[in-house]
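The following exercises introduce a protein chain to a reader who has not met it before. Each task is followed by a solution that proceeds step by step.

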Amino acid sequence: MTSKRRCWRQLCNEVDSDTWGRPYRIAMSRLRGPQTRQQSSSLLVRGAVAALFPRVPSGPALQLPRRAGELVLAVILEELKGAQSRIRERSAPGPDGVPNVALKLAIAARPDVFLRVYTTCRETGIFPSGWKR
């Protein structure tokens, strides 16, 4: 019992000296709420496609200058798979709100669509402004 009191006092003193240190981490680990249920894969894919490929453009596109006669290489499947493997599923979604797991599922389900879009962006030098945020 004495040990518990001593440790409690020590923890309270640490709060005064280091507000965001160990006491904060201990409190936050106790406050984490229950996990939410994951949406079904088809809902995630539909949401990702709707967010990534909106029907109405949200703003002006960014056009990169190209040199005359410049050879533009198509995006290949290995490049796309490499980018997909680097997407961290537990990271926070971007401004579009699409969870990273949904993006990974969408790429796995329809890599042809992503290859066509990315290759067109390279060929035209036009990239949606929303992709730059």
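Helices are DSSP runs of H or I with at least four residues, and they are numbered from the N terminus. By this convention, leucine 31 has its place in helix α2, which covers residues 22–31. The model used throughout is a predicted one.

**Exercise 1. Describe the order of helices and strands along the chain.**

Solution.
Step 1. The chain contains six helices and two strands.
Step 2. Reading along the sequence gives the pattern α-α-α-β-α-α-α-β.
Step 3. For contacts between residues at least 6 apart in sequence, 67% join residues at least 24 apart.

**Exercise 2. Determine whether leucine 31 is buried or exposed, and state which surface feature includes this residue.**

Solution.
Step 1. A residue is called exposed when its relative accessible area is over 50%.
Step 2. Leucine 31 has a relative accessibility of 62%, and therefore counts as exposed.
Step 3. Together with Trp20, Tyr24 and Met28, Leu31 forms a nonpolar patch on the surface. The accessible area of this patch is about 470 Å² in total.
Step 4. For the chain as a whole, the exposed area is about 10800 Å², of which carbon and sulfur atoms supply 57%.

**Exercise 3. Identify the residues of the largest nonpolar core and the elements that give two or more residues to this core.**

Solution.
Step 1. Of the 133 residues in the chain, 18% are buried.
Step 2. The largest nonpolar core has twelve residues, namely Leu44, Ala48, Leu52, Val75, Leu80, Ile87, Val98, Ala102, Ala106, Ile107, Phe114 and Leu115.
Step 3. Two or more residues of this core come from each of α3 (41–52), α5 (100–109) and α6 (111–124).
Step 4. Leucine 52 may serve as an example from the core. Apart from residues up to four places away in sequence, leucine 52 touches Asp96, Leu103, Phe114 and Trp131.

**Exercise 4. State which residues of α5 are buried and what covers them.**

Solution.
Step 1. The buried residues in α5 are Asn100, Ala102, Lys104, Ala106 and Ile107.
Step 2. Their cover includes α3, α4 (77–85) and α6.
Step 3. Lysine 104 can be checked against the cut-off: buried means under 20% relative accessible area. With a value of 17%, lysine 104 therefore counts as buried.
Step 4. Once neighbours within four places in sequence are set aside, lysine 104 is in contact with Gln84, Ser85, Ile87 and Glu89.

**Exercise 5. Examine the salt bridges: how many are counted, and which residues does the pair of glutamate 89 and lysine 104 tie into one another's surroundings?**

Solution.
Step 1. Side chains of opposite charge can pair when their charged atoms come close. The count for this chain is four salt bridges.
Step 2. Glutamate 89 forms a salt bridge with lysine 104, and their closest N and O atoms are 3.7 Å apart. Glutamate 89 lies in the loop between α4 and α5 while lysine 104 lies in helix α5, so the pair ties together parts that are 15 residues apart in sequence. Glutamate 89 is partly exposed at 46%, whereas lysine 104 is buried at 17%.
Step 3. Glutamate 14 pairs with arginine 22, with the closest N and O atoms 2.6 Å apart. Glutamate 14 is partly exposed at 21%, and arginine 22 is partly exposed at 37%.
Step 4. Aspartate 112 forms a salt bridge with arginine 110, at 2.9 Å between the closest N and O atoms. Aspartate 112 is partly exposed at 35%, and arginine 110 is partly exposed at 43%.

How values were computed. Residues are numbered from 1 along each chain as its sequence is written. This is a predicted model: local features need pLDDT of at least 70, side-chain atom pairs count only at pLDDT 80 or more; totals for chains, interfaces and linings use all residues. Side-chain values use heavy atoms; hydrogens and water are left out. A nonpolar core is a set of buried Ala, Val, Leu, Ile, Met, Phe, Trp, Tyr and Cys residues joined through side-chain atoms within 4.5 Å. Buried means under 20% relative accessible area, exposed over 50%, partly exposed in between (1.4 Å probe, protein chains only). Contact means heavy atoms within 4.5 Å. Patches are made of residues with over 30% relative accessible area and no salt bridge: like charges are joined within 9 Å, nonpolar side chains (Val, Leu, Ile, Met, Phe, Trp, Tyr) within 5 Å. Accessible areas come from the Shrake-Rupley method with a 1.4 Å probe; for residues, only the protein chains shown count as cover. A salt bridge is a side-chain nitrogen of Lys or Arg within 4 Å of a carboxyl oxygen of Asp or Glu.
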